Amino acid sequence: VHLSGWNSRTQLALGNSMVAQEINRELGVIKKRIYSIQQSFQRAETEYDAIDLRDVYLGKNKTQKLLLEIFQ
């Protein structure tokens with residue numbers, strides 16, 4: 001988003017164009033997911049920081065196994 005098309009107070013794209021609406025909709029989805037992750041940490045009474053939120057959001061907290069490991 002070009003700086004002139006961004007509202008820094010609301011943290012949303014300006015205007016009613018299809019592009020601005022799509023950007024704002026996607027930002028809403030991202031915010032909702034991050035708040036959900038934050039609530040999960042709080043319900044589990046787990047200490048967390050921004051890095052933990054990022055890792056869960058990006059799926060980096062999941063352990064990856066090779067196919068051979070799964071079958072063993």
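**Notebook: surface, helices and local contacts**

I began with the accessible surface of the protein, which comes to about 6400 Å², and carbon and sulfur atoms hold 56% of that area. I note at the outset that this is a predicted model.

**Entry 1. Overall layout**

I listed the secondary structure and found 3 helices and 2 strands. Read from the N terminus, the order of the elements is β-β-α-α-α. I then looked up burial: of the 72 residues in the protein, 12% are buried. For contacts with a separation of 6 or more, I found that 6% join residues 24 or more positions apart.

**Entry 2. The N-terminal segment and strand E1**

I looked up Ser4, which sits in the segment before E1. Ser4 counts as exposed because its relative accessibility is 60%. Its side chain makes a polar contact with the side chain of His2, at 3.0 Å. I also checked Ser4 against Leu14: the two are 10 residues apart in sequence, and their C-alpha atoms are 8.3 Å apart in space.

Leu14 came up again when I turned to Asn7, a residue of strand E1 (residues 6-7). With neighbours within four places in sequence set aside, Asn7 is in contact with Leu12 and Leu14. A polar atom of the Asn7 side chain also lies 3.2 Å from the backbone nitrogen of Thr10.

**Entry 3. Backbone angles in two loops**

Which way does the sign of phi usually fall? Most residues other than glycine have a negative phi. I therefore recorded the exceptions with that background in mind.

Gln11 has a phi near 60°, a positive value in a residue other than glycine. I placed Gln11 in the loop between E1 and strand E2 (12-13). With a relative accessible area of 41%, Gln11 is partly exposed.

Glu45 is not a glycine either, yet its phi is positive, at about 55°. This residue belongs to the loop between H1 and H2. Is Glu45 buried or exposed? Its relative accessible area is 73%, so I entered Glu45 as exposed.

**Entry 4. Salt bridges**

How many salt bridges does a search of the whole structure find? I noted 2. As background, side chains of opposite charge can pair when their charged atoms come close.

One salt bridge joins the side chains of Glu22 and Arg25, with 3.3 Å from N to O. Both residues lie in helix H1, 3 residues apart, which is about one turn of the helix. An α-helix has 3.6 residues a turn, so residues three or four places apart point the same way. I looked up the exposure of each partner: Glu22 is partly exposed at 42% relative accessibility, and Arg25 is partly exposed at 47%.

Arg54 forms a salt bridge with Asp55, and the closest N and O atoms are 3.0 Å apart. Here I found Arg54 partly exposed, with a relative accessible area of 39%, whereas Asp55 is buried, with 19%. The cut-off matters for this entry, because buried means under 20% relative accessible area.

**Entry 5. Helix H2 from start to end**

I followed H2, which covers residues 50-58. At its start, a side-chain oxygen of Asp49 comes to within 3.1 Å of the backbone nitrogen of Ile51.

Which residues of H2 are buried? I found Leu53, Asp55 and Val56. These lie on the same side of H2, because they cover an arc of only 165° around the axis. I then asked what the buried residues of H2 pack against. The partner is helix H1 (18-43).

Just after H2, I recorded Gly59, which takes a positive phi of about 80°.

**Entry 6. A nonpolar surface patch**

Last, I looked for nonpolar side chains on the surface. Ile34, Tyr57 and Leu58 form a nonpolar patch there, and together they have about 250 Å² of accessible area. Of these, I placed Leu58 in H2.

**Summary of the record**

On H2, I therefore hold two notes: Leu53, Asp55 and Val56 share one side of the helix, given their arc of only 165°, and the buried residues pack against H1. Asp55 appears twice in my entries, as a buried residue of H2 and as the salt-bridge partner of Arg54.

Definitions and conventions:
Residues numbered from 1 in each chain as written. Predicted model: local features only at pLDDT ≥ 70, side-chain atom pairs only at ≥ 80, totals over all residues. Heavy atoms only, no water. Patch = residues over 30% accessible without salt bridge, like charges linked within 9 Å, V, L, I, M, F, W, Y side chains within 5 Å. Areas by Shrake-Rupley, 256 points an atom, 1.4 Å probe, with all protein chains shown as cover. Salt bridge = Lys/Arg side-chain N within 4 Å of Asp/Glu carboxyl O. Helix = DSSP H or I, 4+ residues; strand = E, 2+ residues; numbered from the N terminus. Buried < 20%, exposed > 50% of the residue type's maximum accessible area, 1.4 Å probe, protein only. Arc of directions from axis to C-beta. Contact = heavy atoms within 4.5 Å. Polar contact = N/O pair within 3.5 Å; in protein donor to acceptor, adjacent residues only side chain to side chain.
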